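Biologist: I would like to learn how to read a model like this one, feature by feature. Could you take me through it?

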Amino acid sequence: MKLAEALILRTDSQKRLEQVKHRLLLNAKFQEGESPSEDPKDLEKELKHLLKQLKQLIQRVNRTNLLTPFDEHLSLGDALVERDLIGQERKIYSELLDHASVRHDRYSKTEIKFVTSINVKDTQKHVDELSLKFRLIDTRIQELNWLTDLVE
């Protein structure tokens, strides 16, 4: 199985886990004299089975990420951290731009004038550079996900 397939399976398993949890919660209480629509004990067994499968899958994905070289300096796991941090930085600077770029109309000279404390042009350039860096790393990660076999 390829790493990308395992990641898709992990996402599906997490969704299924949420569904089973929801069904378990729905059947945790029922009206006296009636019975639950599903047996909570069966749902608990299914939940435990799903958790066990998900644990094994996540462990294999993590091992694969650790052992797969991204480039001459980084593992795939390191590249994932790098991509996530670049994404966070990009988001912070994008939000900063949004706040700095808001115009406040003044209707008289007595109203408070707001000025921006950052260089919007330079900050936008930085966001664009981060976006490019993010895309390049993400593209390489996606490529490796489809080329890499999942570690046992």
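Modeller: Gladly; we will go from the overall fold to the cores and then to single residues. Please keep in mind that this is a predicted model.

Biologist: Let us start with the fold. How many helices and strands are in the chain?

Modeller: A good habit is to count the elements and then read their order. Here the chain has 4 helices and 0 strands, and along the sequence the pattern reads α-α-α-α.

Biologist: What does the radius of gyration say about how spread out the chain is?

Modeller: The idea is to set the value beside what the globule rule gives for the chain length. For 152 residues the rule gives 15 Å, while the radius of gyration of this chain is 24 Å, well over that, so the chain is more spread out than a compact globule. The box filled by the C-alpha atoms, taken along the principal axes, is roughly 75 × 55 × 15 Å.

Biologist: And what share of the residues counts as buried?

Modeller: Of the 152 residues, 26% count as buried. The accessible surface of the chain is about 11,600 Å², and carbon and sulfur atoms account for 54% of it.

Biologist: How should I read the contacts along the sequence?

Modeller: Look at how far apart the partners are in the chain. Among contacts between residues at least 6 apart in sequence, 71% join residues at least 24 apart.

Biologist: Now the interior. Why look for groups of nonpolar residues?

Modeller: In soluble globular proteins, nonpolar side chains tend to be buried together. In this model the largest nonpolar core has 16 residues, and Leu-3, Val-61, Phe-70, Leu-76, Ile-141 and Leu-150 have the most contacts inside it.

Biologist: Which elements give two or more residues to this core?

Modeller: They are helix 1 (3-26), helix 2 (40-67), helix 3 (76-100) and helix 4 (120-147). Helix 4 gives the largest share, 5 residues. There is also a second, separate core of 7 residues, which includes Leu-17, Leu-24, Leu-47 and Leu-54.

Biologist: Could we zoom in on one core residue? What does Val-61 touch?

Modeller: Leave out residues up to four places away in sequence, and Val-61 touches Leu-3, Ala-6, Leu-7, Arg-10 and Leu-150.

Biologist: Next, Thr-123: is it buried or exposed?

Modeller: Compare its relative accessibility with the cut-off: buried means under 20%. Thr-123 is at 9% relative accessibility, so it counts as buried. Its place is in helix 4, and beyond its neighbours within four places in sequence, it is in contact with Tyr-93, Leu-97 and Ile-118.

Biologist: Where does Leu-9 sit, and what is it in contact with?

Modeller: Leu-9 is in helix 1 and counts as partly exposed, at 38% relative accessibility. Leaving aside neighbours within four places in sequence, Leu-9 is in contact with Met-1 and Leu-57. The C-alpha atoms of Leu-9 and Tyr-93 are separated by 34 Å, with their positions 84 residues apart along the chain.

Biologist: What about Ser-101: where does it lie?

Modeller: Ser-101 lies in the loop between helix 3 and helix 4 and is partly exposed, with a relative accessible area of 39%. Ser-101 and Glu-72 are 29 residues apart in sequence and 41 Å apart in space, C-alpha to C-alpha.

Biologist: One last feature: how far apart are the mean positions of the positive and negative charges?

Modeller: Here you compare the two mean positions. With 26 positive and 27 negative charges in the chain, those mean positions are 2 Å apart.

Definitions and conventions
Residues numbered from 1 in each chain as written. Predicted model: local features only at pLDDT ≥ 70, side-chain atom pairs only at ≥ 80, totals over all residues. Heavy atoms only, no water. Core = buried A, V, L, I, M, F, W, Y, C linked by side-chain atoms within 4.5 Å. Buried < 20%, exposed > 50% of the residue type's maximum accessible area, 1.4 Å probe, protein only. Contact = heavy atoms within 4.5 Å. Rg over C-alpha atoms; globule rule 2.2 N^0.38 Å. Areas by Shrake-Rupley, 256 points an atom, 1.4 Å probe, with all protein chains shown as cover. Lys, Arg positive; Asp, Glu negative; His and termini not counted. Charge placed at Lys NZ, Arg CZ, Asp CG, Glu CD.
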